[in-house]
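Reader: I should like to learn how to read a structural model feature by feature. May we begin with a single residue and then widen the view?

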Amino acid sequence: MILVLADDITGAAEIAGTALRYGMTTSLITGVAGKNFPDTEVVVYATDVRSMSHDKACEETKRICEDIKRKGFAANDADKITIFKKTDSVLRGHIASELSIIMEQLGCNSSLLLPQNPSKGRIIRKGEYFINEERLSNTMFRKDPEFPATSSDPIRLIHEHSGKVTANCRILHVEGSLHNYERGEIFVAEAASEDDIIIQIDKSNKDMLMAGGADLFETFIRHKLKRGKEKERKRHEISIRKGEEKILVVSGSTQGKSIMQTDMMKRLHAQEATMPESVFEGASPKGWIEEIGKRYLLTDALIIRIGNHEFKGSEYAIRLRDVMGEATKELINTSTPRYLIIEGGATAFSILSHIKWTEFEIRYEFSPGVVGMRHGETEIILKPGSYPWGKMFM
C-alpha cells in the first residue's frame, strides 16, 4: 500500500488520478480518526495544511502521523506501507517543518524532496528553480499572497517558509551521492527531465521519506513499482434524469470563466447565483443562502460562484471559503445532488469539511488534476481554479 499525505485537496486529487491512470485501486480520504484505512492499493490523505498557519500546520501534521501509528504503520515498514509526501511544485507551504515532523514521527532517516515537474517546464538546475527557463522569482509566483517566491534558490525558499524550524537542507545534484548524511536531513533533488528523476530515485532507500510533486510520484510508480504504461482515459458522460436529479456547481475562484458558458450547462438550462457584493465585503450570507436554496429546488442545475472580484488577501479568502461551505451544506441538506462539481482546492476542502464527507472512491481522471470521485450516490468532480473547464463539459 502507498499512503500519500497531500498538503491540499487538489494536489491529492492529482495524485489519486495518476494512480488510477496506472490501474491501481485508489481512494481519497480527508480524515480517518478511529477508522481503518480503505482497502486500496493507494490511499491519498488530503489535508489542508498549506492554508493553515505554520503552528497549526505542524499540529495537524503531527496528529496525522499519530493516527497512522495507531493503525500500526510506520514509514520503515517496507513490506506494509510506503509513505509519500505530496508537496506544492513551487515550494509553497511549510514544507521543511512538515517533513521534519513526518521523519521524526514515522522513523524516516532522511527525505528526498523533488517538488518540480519537468513535464510542465518546472525544473531545478544548478541550485536554481526555473519555470520554462525563467527564474522562479521572476514569475507570477513572486506575488503569491501567502508564500511569495522571493528567490529562485529552493533552499532559501524552504527556510523562509518554515517558520521557526531550521531544517538541515541541501541540494542533491544529479551527479551527486547520498553518502555521509545526517539523520533528518532533507535533500532537494535537482532534476530537469524524467531521466534525472529516475537517477535521483535510484539513490533513495526504504528508510527515506519520498516527497515532491506529481512527476516524482508518477516516475516512482513506473520505475520503482514497474506498473508499466498508463491506461487510456475513458470518456465519462455527465448526465442526469431531468426533474429527478440535480447538478450543483460551486466555484470558489474569483477569476476565470464561469461554467455557465459551457455547452453542457446551456443544454441543462442551468441557473447561476453569484455572491452579492455586500456578502463578498462581509455582510451576513443568511439571506443569500435562503435565496439560492429556493432556486436550487426549482432547477436541475445550479451554479453558485463568488464572481469576479479583486483578491483582497488571506482573511477574505478564509471567510469566503467558509461562506461557500455553509451554503453548500444547506443546499445538500435540502436535496443531495447527483453531481457536485467544485472549482478551487481550498473551497473544495472547506465544502467537504462542512458536509462531513471524508472518504471517497476515485473513479475518473478527466485530465491531469481534474478528478471524479464518489461518495455514496454523489459523483464529485474537483477542478483546480486555474484549470480550464475543458472538453468534459462540452
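Reader: In which helix does Pro-154 lie?

Author: This is a predicted model. Pro-154 lies in helix H4, which covers residues 154-160.

Reader: Is Pro-154 buried or exposed?

Author: Pro-154 counts as buried because its relative accessibility is 0%, and the cut-off for buried is under 20%.

Reader: Which residues is Pro-154 in contact with, leaving aside its neighbours within four places in sequence?

Author: The contacts of Pro-154 beyond those neighbours are Leu-91, Ile-124, Gly-127, Glu-128, Tyr-129, Ile-171 and Val-188. For one of these, Gly-127, the C-alpha atom is 7.2 Å from that of Pro-154, although 27 residues separate the two along the chain.

Reader: Ile-124 and Tyr-129 appear among those contacts. How should one read a sheet?

Author: Strands of a sheet pair through backbone hydrogen bonds, in either a parallel or an antiparallel manner. Here, an open sheet of three strands follows the order S6-S7-S8, and its pairing is antiparallel. Strand S6 (122-125) and strand S8 (134-135) are the edge strands, each pairing on one side only.

Reader: How many bridges join S7 to S8?

Author: Two bridges join S8 to strand S7, which spans residues 128-131. In one pairing, Phe-130 has Arg-135 of S8 as its bridge partner.

Reader: How should one read a helix, with H2 as the case?

Author: An α-helix has 3.6 residues a turn, so residues three or four places apart point the same way. Helix H2 comprises 17 residues, 54-70, and extends 25 Å from first to last C-alpha, close to the expected 24 Å. Its buried residues include Ala-57, Thr-61, Ile-64 and Ile-68. The buried residues of H2 pack against strand S1 (2-6), strand S3 (42-46) and helix H3 (95-106). Just after H2, Gly-72 adopts a positive phi of about 90 degrees.

Reader: How many cavities of 30 Å³ or more does the structure hold?

Author: Rolling a probe the size of a water molecule over the atoms shows where empty space is left. The structure holds two such cavities. The largest has a volume of about 50 Å³, and its lining consists of Leu-5, Ala-6, Thr-47, Val-49, Thr-61, Ile-64 and Lys-85. S1 and H2 each contribute at least two of these lining residues. By class, four lining residues are nonpolar, two polar and one charged.

Reader: What is the class make-up of the lining of the second largest cavity?

Author: The second largest cavity, with about 30 Å³ of space, has seven nonpolar, no polar and two charged lining residues. Among them are Arg-92, Asp-144, Phe-147 and Leu-157.

Conventions. Residues are numbered from 1 along each chain as its sequence is written. This is a predicted model: local features need pLDDT of at least 70, side-chain atom pairs count only at pLDDT 80 or more; totals for chains, interfaces and linings use all residues. Side-chain values use heavy atoms; hydrogens and water are left out. Two strands pair if DSSP finds at least two bridges between them. Helices (H or I, at least four residues) and strands (E, at least two) are DSSP runs, numbered from the N terminus. The expected span of a helix is 1.5 Å times one less than its number of residues. Buried means under 20% relative accessible area, exposed over 50%, partly exposed in between (1.4 Å probe, protein chains only). Contact means heavy atoms within 4.5 Å. On a 1 Å grid over the protein atoms alone, a cavity is a set of points where a 1.4 Å probe fits but cannot get out, and a pocket is an open set with protein on both sides within 12 Å along at least five of seven lines; lining residues have an atom within 4 Å of a point. Grid points are joined across faces, edges and corners, and a volume is the space filled by probe spheres set on the points. Ala, Val, Leu, Ile, Met, Phe, Trp, Tyr, Cys and Pro count as nonpolar, Asp, Glu, Lys and Arg as charged, and the others, Gly among them, as polar.
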